[in-house]
Amino acid sequence: MDAALSLLRLYGEWGVDTVVGDSPVDQRLARLGKMRFPDEEPALRRAPDGRLTGAQGRAAPPAPSVSGQTPPPSREITRPPIAAAQSGPALLAQTLAQARTLAAAATTPEALRTAVDGFSACALRTTAMHTLFPTGPLQAPLMIIGEAPDADEDRSGAVFSGLCGDLLARMLTPLGLDRQTLLLATALPWRPPGGRAPTEAELKLCRPFLERAIALFAPQRLLLCGRLPARMLLDAKTPLPRRSWGPAAIPGLAAPLPTLVMRHPLQLRASATARKEIWQDLMLVAQTLRGSG
């Protein structure tokens, strides 16, 4: 009795308030009707014109030839062979050659900006919100190159914006440096999806545009903030010596540029050791610029 009452209470909670039969019926299957199986197909019958038809009057398929001759095979549609897809290394070499050609053809920063923004062979361009291009005067005393664009830079389209820009201002203000007099750039013109690390192929495709930007803007010195720009311009995969200027050969420039590698401004929050190293590098930058000025 308790089980029956519990079942009725459950039916009430489900919204069942009317009994339509003694046994349940699945209405979804009830509307489909009886399924017809092959052995239940209606027998063929002969039409007045002599053809065999089914119960609905449909003509039966033609009977096989009894003359002993093999019917002609059906004609196959031939299509021209599809060219084999280029392999990964070959495609990368072709795309890299295209990037180098576009970069070398640009004779002004404006032309280079147009070339970079129209370069669709790099997958990063399709996922990034903006194309970031170096900003600053020609022949600046110092060009600061950061890592790949972060989320703030990608949203705003401005180099060293958001938190990164605030930290850079904290670094430059005590030294009496104004970012308006410096050339600022990111190592890549586009942010990798989700901020992931760029692939080797992406670095190779973006390097010609970065090198051409340096050659066209012609800064006096380079300050590479982070491993990524150092890896791209110096081919350095090992720990780099810091607190010393070294030469960087840039295609399109007659002489190598004095280059210094230091931590990225975002690493000011990492530790006291990171802040100390950044300050020591900045003191070296300030002393060098004052001595050359």
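Cys-122 is buried, at 1% relative accessibility, where buried means under 20% relative accessible area, exposed over 50% and partly exposed in between, with a 1.4 Å probe and protein chains only. The model is a predicted one, in which local features need pLDDT of at least 70 and side-chain atom pairs count only at pLDDT 80 or more, while totals for chains, interfaces and linings use all residues. Residues are numbered from 1 along each chain as its sequence is written, and side-chain values use heavy atoms, with hydrogens and water left out.

The cysteine sulfur closest to that of Cys-122 belongs to Cys-206, at 4.4 Å, which is too far for a bond. A disulfide is a covalent bond between the sulfur atoms of two cysteines; here the term is applied to a pair of cysteine sulfur atoms within 2.5 Å. Cys-225 is also without a partner, because its closest cysteine sulfur, in Cys-164, is 8.2 Å away and too far for a bond. Cys-225 is buried, with a relative accessible area of 0%. By this rule the count of disulfides is 0.

The chain as a whole has 10 helices and 7 strands. Helices (H or I, at least four residues) and strands (E, at least two) are DSSP runs, numbered from the N terminus. Of the 293 residues in the chain, 33% are buried. Contact means heavy atoms within 4.5 Å. Among the contacts in the chain with a separation of 6 or more, 69% are accounted for by residues 24 or more positions apart.

Helix H4 spans residues 109-117, and its buried residues are Pro-109, Leu-112, Ala-115 and Val-116. These residues lie on the same side of H4, because they cover an arc of only 120° around the axis, the arc being that of the directions from the helix axis to the C-beta atoms. Glu-110 and Thr-114 are exposed on the other side of H4. The buried residues of H4 are covered by elements including helix H3 (88-105) and helix H8 (200-217).

H8 also meets helix H9 (residues 227-234): the two axes come within 9 Å and cross at roughly 80°. This angle makes H8 roughly perpendicular to H9. The axes are lines fitted to C-alpha atoms, for helices over the stretch in contact, and angles run from 0 to 180 degrees between N-to-C directions. Angles under 35 degrees count as roughly parallel, over 145 as roughly antiparallel, 65 to 115 as roughly perpendicular and the rest as oblique. On the H8 side the contact involves Glu-200, Leu-203, Cys-206, Arg-207, Leu-210, Glu-211 and Ile-214, and on the H9 side Leu-228, Arg-231, Met-232 and Leu-233. The residues of this contact divide into 7 nonpolar, no polar and 4 charged. In this classification Ala, Val, Leu, Ile, Met, Phe, Trp, Tyr, Cys and Pro count as nonpolar, Asp, Glu, Lys and Arg as charged, and the others, Gly among them, as polar.

Within H9, the buried residues are Leu-228, Pro-229, Ala-230, Met-232 and Leu-233. They pack against H8 and against three strands, E3 (143-146), E5 (222-225) and E7 (257-262). Asp-235 follows H9 and has a positive phi, near 55°.

Positive phi values also occur in two loops. Phe-160, in the loop between helix H6 (151-156) and helix H7 (162-172), has a phi near 50° and is a residue other than glycine. Phe-160 is buried, with a relative accessible area of 2%. Ala-218, in the loop between H8 and E5, has a positive phi of about 50° although it is not a glycine. Ala-218 is partly exposed, with a relative accessible area of 24%.

The loop between strand E4 (183-186) and H8 holds Pro-192, which is buried at 2% relative accessibility. Not counting residues up to four places away in sequence, Pro-192 touches Leu-124, Ala-148 and Pro-198. Its C-alpha atom is 7.9 Å from that of Pro-149, although the two residues are 43 residues apart along the chain.

Trp-279 is located in helix H10 (residues 272-292) and is partly exposed, at 41% relative accessibility. Leaving aside neighbours within four places in sequence, Trp-279 is in contact with Pro-174 and Leu-175. From Trp-279 to Met-262, 17 residues apart in sequence, the C-alpha to C-alpha distance is 9.8 Å.
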